[in-house]
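Welcome, and thanks for taking a look at this chain with me. Please have the sequence and the 3D view at hand as you read on.

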Amino acid sequence: MLLAAPRFALPETVTEALAALAERPDAVVVAGGTEVMPDLLWRNRTAAGFVSLRRVAGLRGVSSVDGELVVGAGTPVAALTAVPDAGLRSAASSLGTPLVRTEATIGGNVVSALPYRNLLPALLASGATLELTSAAGTRTVPFDGFVTAPGRTGLAEGELLTAVRLPAHTGFADYTKVGRRNAQFVATVSAAIVSRDGAARLAFGNAAPTPLRSDDVDAAATALLDGRADAGDLRAAVAAAVDPPDDPIASAGYRRHALGVLAVRLVTRAAVDGGLGS
């Protein structure tokens, strides 16, 4: 009699992890566990088994390859607090507590796909791409559009997120958020900026069902950066672009106002701290 595949797999390579996932298509992939374990504790999800990535050393580490910052999907958030990308560094530094940052991974933050996750606006503003690996090979997709709905992504069956790639950090980048408190509380709203060659690119968290950016907002931010527009113009562009949730934490109206304030604040920092703009 053949034994069924054990419910729990502890692979040590990406190849072993993909094989384990193929044997257990209904299993939950878990890395740091800071997303999965609370969900199980609060009975927000069930699990038919687990594929743990904790021992897959090939998924951890930060390197520079062909001018890009390449972050393994299993890299702890704590390691991101020292990366060259200032926006990602700032977003990582304000995520949870030191203990949470030690266990949580960049891959978990991305695949959880919840609009208030700290790292998502920083990745969206930077123009990050994702490496998705399956038995058929590795494909690279833009992070912009990867999150399709709260908790849902473009990850195909049998695929693992194996790395996050960010363009080389030049110019100015930053991240900021509003919340009841910094530690152990998700962002009520958040925003990130990357400013290069006189152009600003903003991205927002908890501003819509998925991480959000807008060409109209970027045009208004760039105009503010070089003195062709004022703060009111940027706040109006943000208010028109966002569709924030209304829940017991904050009203949609408050979030819309706060997102405009954060946008102006980041563009002002880009102009002053980054030495950009007119």
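Let's begin at one residue. Leaving aside neighbours within four places in sequence, Ser190 is in contact with Pro121, Tyr175, Thr176, Lys177, Ala203, Phe204, Gly205, Leu259 and Leu262. You will find Ser190 in strand β12. Is Ser190 buried or exposed? Its relative accessible area is 0%, so Ser190 is buried. Please keep in mind that what you see is a predicted model.

**The chain as a whole**

Now zoom out. The chain holds nine helices and 13 strands. Its C-alpha trace spans about 75 × 45 × 30 Å along the principal axes. A compact globule of 278 residues would have a radius of gyration near 19 Å, and the chain agrees with this, because its own value is 19 Å. Of the 278 residues, 47% count as buried. The chain exposes about 12,800 Å², and 54% of that is supplied by carbon and sulfur atoms. Contacts also reach across the sequence: among those between residues at least 6 apart, 60% join residues at least 24 apart.

**The nonpolar cores**

What lies inside? The largest nonpolar core has 36 residues, and those with the most contacts inside it are Val110, Leu119, Leu130 and Phe143. Several elements each supply at least two residues of this core, including β5 (68-72), α3 (86-93), α5 (106-112), β6 (129-134) and β12 (189-196). Helix α6 gives the largest share of this core, six residues. Both domains take part as well: the core draws at least three residues from each of domain 1 (62-166) and domain 2 (176-273).

Leu119 is a good residue to click on here. Not counting residues up to four places away in sequence, Leu119 touches Val77, Leu80, Leu88, Ala91, Ala92, Leu95, Ile106 and Asn109. Apart from the largest core lies another core, of 27 residues, with Leu202, Leu212, Ala237 and Ala258 among them.

**Salt bridges**

How many salt bridges does the structure hold? There are twelve. Here are some of them, with the distance between nitrogen and oxygen.

| Salt bridge | N to O distance |
|---|---|
| Asp174 and Arg269 | 2.9 Å |
| Asp215 and Arg213 | 2.9 Å |
| Arg228 and Asp226 | 3.0 Å |

The pair of Asp174 and Arg269 links distant parts of the chain. Asp174 sits in strand β11 and Arg269 in helix α9 (residues 252-272), 95 residues apart. Why does Asp174 count as buried? Its relative accessibility is 14%, and buried means under 20%. Its partner Arg269 is partly exposed, with a relative accessible area of 27%.

The pair of Arg228 and Asp226 can be viewed in the same way. Arg228 is exposed, with a relative accessible area of 60%, while Asp226 is partly exposed at 31%. Some salt bridges share partners, and in this way Asp144, Arg213, Asp215 and Asp218 are joined into one network. Within that network, Asp215 is exposed, with a relative accessible area of 55%.

To finish your tour, turn back to Ser190 in strand β12. The element β12 (189-196) is also one of those that supply at least two residues of the largest nonpolar core.

Note on methods
Residues numbered from 1 in each chain as written. Predicted model: local features only at pLDDT ≥ 70, side-chain atom pairs only at ≥ 80, totals over all residues. Heavy atoms only, no water. Core = buried A, V, L, I, M, F, W, Y, C linked by side-chain atoms within 4.5 Å. Buried < 20%, exposed > 50% of the residue type's maximum accessible area, 1.4 Å probe, protein only. Helix = DSSP H or I, 4+ residues; strand = E, 2+ residues; numbered from the N terminus. Domains from an automatic or database assignment. Contact = heavy atoms within 4.5 Å. Salt bridge = Lys/Arg side-chain N within 4 Å of Asp/Glu carboxyl O. Rg over C-alpha atoms; globule rule 2.2 N^0.38 Å. Areas by Shrake-Rupley, 256 points an atom, 1.4 Å probe, with all protein chains shown as cover.
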